[in-house]
Structures are given as C-alpha cells and as structure tokens.
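User: Please take a close look at the aromatic rings in this model, and at what surrounds them. I would like one connected account rather than a list.

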Amino acid sequence: MAMVRIRPRRRSATVLAVLSALLFLVPRTEAIPEKEYQVKAAFLFNFAQFVQWPDSLFPDKDSPLVVGILGEDPFDSYLDEVVRGEKVNGRPIEVVRYRSVGQVKNCHILYIGASEERRVAEVLKALGGRQVLTVGESDLFPRKGGMVSMVNRQGRIRLSVNLQAIKSSELGVSSKLLQLAEIVPPEGG
Amino acid sequence: LLQIRKNSDEGAAPPDWRRIIPFFLAAALIPSAGPAHAQDRQGSITPDEIKQMTLEELMEIEVTLVSRQPERISDAASAIQVITAEDIRRSGAVTLPEALRLASNLQVARVDARQWAITARGLNQTLANKLLVMIDGRTVYTPLYAGVFWDVQHIILDNIERIEVVSGPGGTLWGTNAVNGVINIVTKEAARTQGLFLEGGAGTLLKGFASARYGGSIGGRGHYRVYGQRMDHYSSDLPGGGDARDAWEMIRGGMRSDWGLGDYGTLTVQGDIQAGEVEQPAPAPGPVEVNGQFLQARWSLDMDGGSHIQAKAYFDRTWRDIPGTFQEDLRTWDFDFSHRIPLGGRNILTWGTGYRYMQDDVENGTALAFLPARKDLQLVSAFLQDEIILVPDRIRLAVGSKFEHNDYSEFEVMPSARLSWTPTPSHTIWSSLSRAVRSPSRIDVEFFVPTPPVPDTFQRLEGGPGFDSEKLTAFDLGYRVMPWKILSLSLAGFAHRYDDLRILEQADSTRFRFVNGAEGEVYGLELSGHLQAAPWWRLRGGYTFLYTDIREMPGLDEFTQPGSQGNDPGYQLLVQSYLELPWRIEINGAARLVDELPDPTVPAYFALDLGAAWRHRGLEVTLTGKNLTNRRHPEFGPDPGRKEIPRSVRGRVAWRW
C-alpha cells in the first residue's frame, strides 16, 4: 500500500491505478503556494547544502538526499521544482511526503508543518536520536527541541535554531547558516 | 489562512484589537480616495530564480505583502492590474466575466444571463470592440464585430494562474484591437495542477455546475491535465420580475500538457472542445446553439546570454447558430514568433512576426446579412521594440512599433514610447505615448439590414464601404507607491484622443451606412490599491473616473443611435475584503458602486457580494451571496427591453487530492 507520497510524476501513468491509490494518499492543499512557502521551499533547499550528513545515512553513494514533509504540504509542487535537477555532493534531492512520523524512514531533512505543530514533542520523541535535521516554522519549535525554525517576522523569514539540539544530533551545520540565525535557548535551559 | 496558521502557533491567538483599531481608521479614511489593490499579491518567484538566491537574499524577501515587480517595461510603464488565483477563489467567481469584475480598471456590465459588455477606459457596448482578450496567447475576439462572445469564453477558474489587465493601448506589442486595453489570461502549468480536483455547486441564478480535473505526469519530463466542466445558468429577470427566458448551459472539456525538452526548450500543447445552448424568448424559433474547438502549441527556448525565443501556432473554430438571425462558422489559423535579445547590457531588443488566416462563413437570414456571406481574411504583422536602460535600476525607456496589414484598412502602424523612473524601490513614475487602431471588422463594412434585395422605399443599412480604422492617440501618466509595507497604491491618469470613430450616416431618405464620423476625447483616472490591514485582513480595490466627450465630426449628415459610441459610468468603485477567522473560516466580501450610465439611462447601482468559506486540507466549502443589497438591478441596455440581474445565492464544494 502506497502510504508514502512520492512526486506525482514518478507515479505510474495508469490513471485507474492512480485514482485508487490516491484514496490512500495525503490530500493536496493549494495549487500555488503562497510566497511565504516559495521562500521556505528555497530555505529547505539551502539547508541541504549547508548541512553535512554522515555517509552512513545513505544506502549507497548515489542515494538521494531526502527532504521529508510531515503532515499537510503547503508547498504543492513548488519544492519539487526547486530541487529538480539539483545535486548535493553528487546526490539528487528527493521530496517525500509522510502522513505520520511512523513512516519516516530514510530521511535527512524533515519539515514539520503547521499541521503537526501541536504534536512537535511527540514527533521529536518518535524520531529519537536519528540524524534528521528537523525544520519547523514557529517560535516555539526550537524551544520544544526542534533544530531549525523558519519564522515569519513582520513579513520576512528569519531562522531560529536550537544549537543544543543540533550539537547533540552530530550533524555538521555550516557556521554560515548559524551566523544568520537567532540562537534560541531550549525550554527550561 | 496561512497567516491565521502562523497566528495560531500557540493555539488560535485572538486578534490584538489595540493594534488593529488604527488599521480600521486608516481603512475608513482611504475609501474616499479609493481603497484598494495594487499589483500581484502573490508575486511569485520562479523556482529557478529562487534557488539561485543566497540565504541573505531569501531573508530580505517580503512574503506577506508583495508588489509584483513588473519585469517588462511594458508592464512597468502601463496601468496594469493583476487578478491572482487567490483573488478569484476569494470572490466566489465561477465564470470569467465575474472574475474580470475584480479589476477596477475594467467596466464590466452584465447585460443579461449570458451577455456581458466589457471594456477598459469606456466606450462600452454589448458589442464592445476596443479590447484585446487573450487566453494563453490565443486571441478570442471575433472578426465579425471585433469583440468577444463572452458566453463561450468558459474556463475552469481553478486553472487560471493570473489575469493581467492592462488599461490603455497595447498595440505596439499586441496589435490591432488592443486599443483601450488588453486582458491576458494565463492558465497554470500542468505541473501546478497535479492530482485530482473535483468541484460542484448550485445556486439561484447559477443553476449548477460541476468540474473535474486530473493532472499527472508522463515519463518524468512532461505533465498533463485533463478536465471537463458543465455549467447551467437560470434566466435573468425582466424589469418587474419574471423570467427573461435566456437560460443557458455550456459543457467544456480540454487538456494541457507541458514538456521539458532539455536543451531544446519547453513545449506546451493545449486544446479544448465545448458546446452550449442558450434559450431565446419567443418569437425566436429556437435556442441559440454554440460550439467550438481549439488546439494550440507553444514552444519556447531560453538561450545563452539571456535571449529568449517563442513560437506559437493555433487552430480555433467557433460555430454559432442564432435561429432566425444568422449562423456563423469561423476558423482561425494563427502563427507567431517572437525573439527577445539583450544587447550590450543597456538594450533589450524584442521583435516578432505573425500571420493569421481567418475563414468566416455566415449563413444569412432575412433580417440581417453579412455580404459576402463567406469571407477569408488575412492579417500579417511584425513588431520591433527596444527597451533602453538609461540609468541602471532607475530610468528605462521602451520605444517600438507594430506594423500590420489587414484586408480592409491595409497598412497600420502602432508606435509607442514608454518611460519609467524608479527613484526608490517603493516609487515608480511612468508615462507613455502611444497610437493604436481598431481595424475594420465585418460588421463595419459588410453588414446589411434587412437582407437585400430591399425595395427602395424601405429604410435600410447598407454596410460601410470605405470604412477605415478607428484611431487612438493616448497619453498616460502613472505613479505607483508603497508608502508602508502594508499599503500599495497605483494611480494612472490618461487622455485618449479618438479619430474616425464609427457612426451611422443617413445617405438619403432611406439608406444608412457606417462611416468614420465621430471624434473626441476620453479622460480618466484609475486608482487602485491593496491594504494589508492586519495579518488576517486584506483589502483591495479601486476607483475609476471617466469623462467622455465624443462628438460627430463636422460636415456630416449624421444619424446616431443612442449609446452608439458606448455608455459609460462617470465613476465606479470596487472594494474587496478578505477576512481570515480562526478555524480556517474566511469571510470574503466585494462591494461595487457603479455610477449611472447616461445614454440610454441605466440607474446607478450598489452591489454587495458576501461569501463564507471553510477550508480543511483539500476540502473547500463556500457559500456566496451576490447582489445582496437589491432584489434585482439592470446593468446595461435600453429600457424597455433590458434584463435585470437578480440577487442570488450559490454554494460550492471543491476537493483536491
């Protein structure tokens, strides 16, 4: 059963099969993302370039770098178009949609959208100590243990990071990215 | 919705009223000048552009309120308004003319259930003939009267990416008919309409509609969508109430596919077929029947050094049978090519050429006739424009001309010069001087009433042998400003000088004919704006003022019908409001105030539309009330005989997978 939503273009062209499979897929939202989400899609693409994952996280040397979207997808096909044809260290970038955190398997960047915001703590707990760059979009997200948040401040997107969460994941996050971000102390800390 | 979502990071945060009240005050003060819209709220950036940006650049992008920075000087130095997909969705519109009401620089009047009189900058008629309308580059006017049959321009509105409405001439780039304005309807790329989309609805004036669309991909390089729609409308009202018997229905199906050809550019192939039927009141012997088909291919290629070429070809057929009046079968073949070349950093040269062949075949009745019944028309054109960057990022000038040859008035030249000055990124002052022509159409030259032969004692219209083009010289001056991030305003003033406008001349006691016999001026102001009053409240709209002075040229034995040059309101005001409430509820409203039309008199009217929408995941439920403030009102046409538009309610459910 196809629970993971891959890009439509990779689906079989057989319309009937697609229609029946669609019943199990995450519904789409808007056809054109708001500009905010165009910019956030570009940030996600940038994160792929500014973060280093150990090779052990990729099945082989041509395996794609996976950008996961958990819950409602505000990007529509825009994110797919941004990463189309792009490579990071020789790896293509693939966008995968997940309905629940249980489906998140081989994923490098996980966007935890507004629809999952209330469950952030559970989601992060379910991810355990896996080396996934977790990306949210509220001020609360890094305080709750998320790594990077793309926050809308007076109409511009600002990055807010939880340095401790990044350090404990042992991901190599470029200092360039950290310089541009606001550093948020974790809750209670 | 998205802004609400941000607001509700910590649950649905209630609005902070102390911060909001000043916005109410501001909004209350602005309408006297015309609140409103400015440019494209979406301000889309292409994926290719955005991924080139640095993190710093991304952080500088304004995401909540955006003025679409026009890329072409023809946009920068013209009175352009953009209706976004979001504006259309919010308005609850399901037909194209309803969506066009969202551009405050257009005069849109619903004549009856299925006819609209639409123009920019005045001279409006049911057979308005000075507006160029294109859907994905395909011209949709008929050479019969150089206007648009709006009833067959049906399109699933969810397929529309944006509608660009330019008031003022666009002849230099677009050619004949782009006299008072250009409407350019751009549909979404197939990649943007992937998956399944279903919508349906019903109402009291709009009887019912249902659309289905499916988008998929082929081999990773191409995307497609296929779609179909059926729409049924009830009749409009007679003045005292009662059925005007003009109910109609349309059914349409089509497809679009976009292909990436790698180094060989991109290819778009699209086509539609449609058919419909319109009830006619007695004594007409039967309903009007229409059908049409088109197929279009468009290929474009970006080359090294920033040059861009595009080639387009289409075939379009429309057929219309008005029993007892006439039947028309029109086939159009159109080819065009354009090339944009940056030269030396300071110049961008654009040139192009086009050829159109139209085969118009009319079956005449006894009441009126187009003679000859069958006419083949050719249109050959070429244009050249240079955009010159006089001061980088500050002053740009575009000069160019279109050269065209048609079968009636032969050679036409449509030059223009446009200058834009951007002293700071939030201010643009622009001006243009241009010439445009409305070349003769069949109705001007070959129209006979009643159908010959006619006894000499009968009054009759005998075409317009020797009818020449109607000409416009236009001066525009405009100013666009974003005084604060939440407000953008655009003001355009214009002076139009018309020569050789069409009038009906009385040749002797019984014979009438069309001649180029009127001239005059139209002056106007178009103010539009956009206000983000609060993160959850947005206003857009505009105010248009028109002053028309058209008169017969001296020395003519004239006979002019009332309203023959058009019938325009002195002013019109549009305010649209989008309000976001918690729990994904939207309250959307649109109010229009349209001044009296002078000749024939149509009373001023105020119309209020209100809608509520609830969105959850792919589901959207909308309830819209239209013309709520009056039971029925006329918008166009002489009394008696004209139709009125009743108050109506409609519901719509849409679902996306």
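Analyst: In this predicted model, Arg138(B) lies over the face of Phe294(B), 3.6 Å from the centre of the ring. A second arrangement of this kind involves Arg320(B), whose charged end sits over the ring of Phe149(B) at 3.8 Å from its centre.

Turning from charges over rings to rings that pair with each other, there are 13 aromatic pairs over all chains. One of them joins Phe315(B) and Trp333(B), and because the ring centres are 5.0 Å apart with the planes at 45°, the pair is tilted. Its partners come from distant parts of the chain, 18 residues apart, with Phe315(B) in strand S14 (residues 308-322) of chain B and Trp333(B) in strand S15 (residues 326-343) of chain B. Phe315(B), at 26% relative accessibility, counts as partly exposed, and Trp333(B), at 29%, is likewise partly exposed, since the class runs between 20% and 50%.

Another tilted pair consists of Phe370(B) and Phe447(B), with 5.0 Å from centre to centre and 35° between the planes. Since Phe370(B) belongs to strand S17 (residues 369-370) of chain B and Phe447(B) to strand S22 (residues 447-449) of chain B, this pair ties together parts that are 77 residues apart in sequence. Both Phe370(B) and Phe447(B) are buried, whereas Phe315(B) is partly exposed, as is Trp333(B).

In chain A, ring pairs link Tyr37(A), Phe75(A) and Tyr111(A) into a cluster.

Definitions and conventions: Residues numbered from 1 in each chain as written. Chains lettered and ligands numbered in written order. Predicted model: local features only at pLDDT ≥ 70, side-chain atom pairs only at ≥ 80, totals over all residues. Heavy atoms only, no water. Phe/Tyr/Trp six-rings, centres within 6.5 Å; stacked < 30°, edge-to-face > 60°. Helix = DSSP H or I, 4+ residues; strand = E, 2+ residues; numbered from the N terminus. Buried < 20%, exposed > 50% of the residue type's maximum accessible area, 1.4 Å probe, protein only. Lys NZ or Arg CZ within 6 Å of the ring centre and 35° of its normal.
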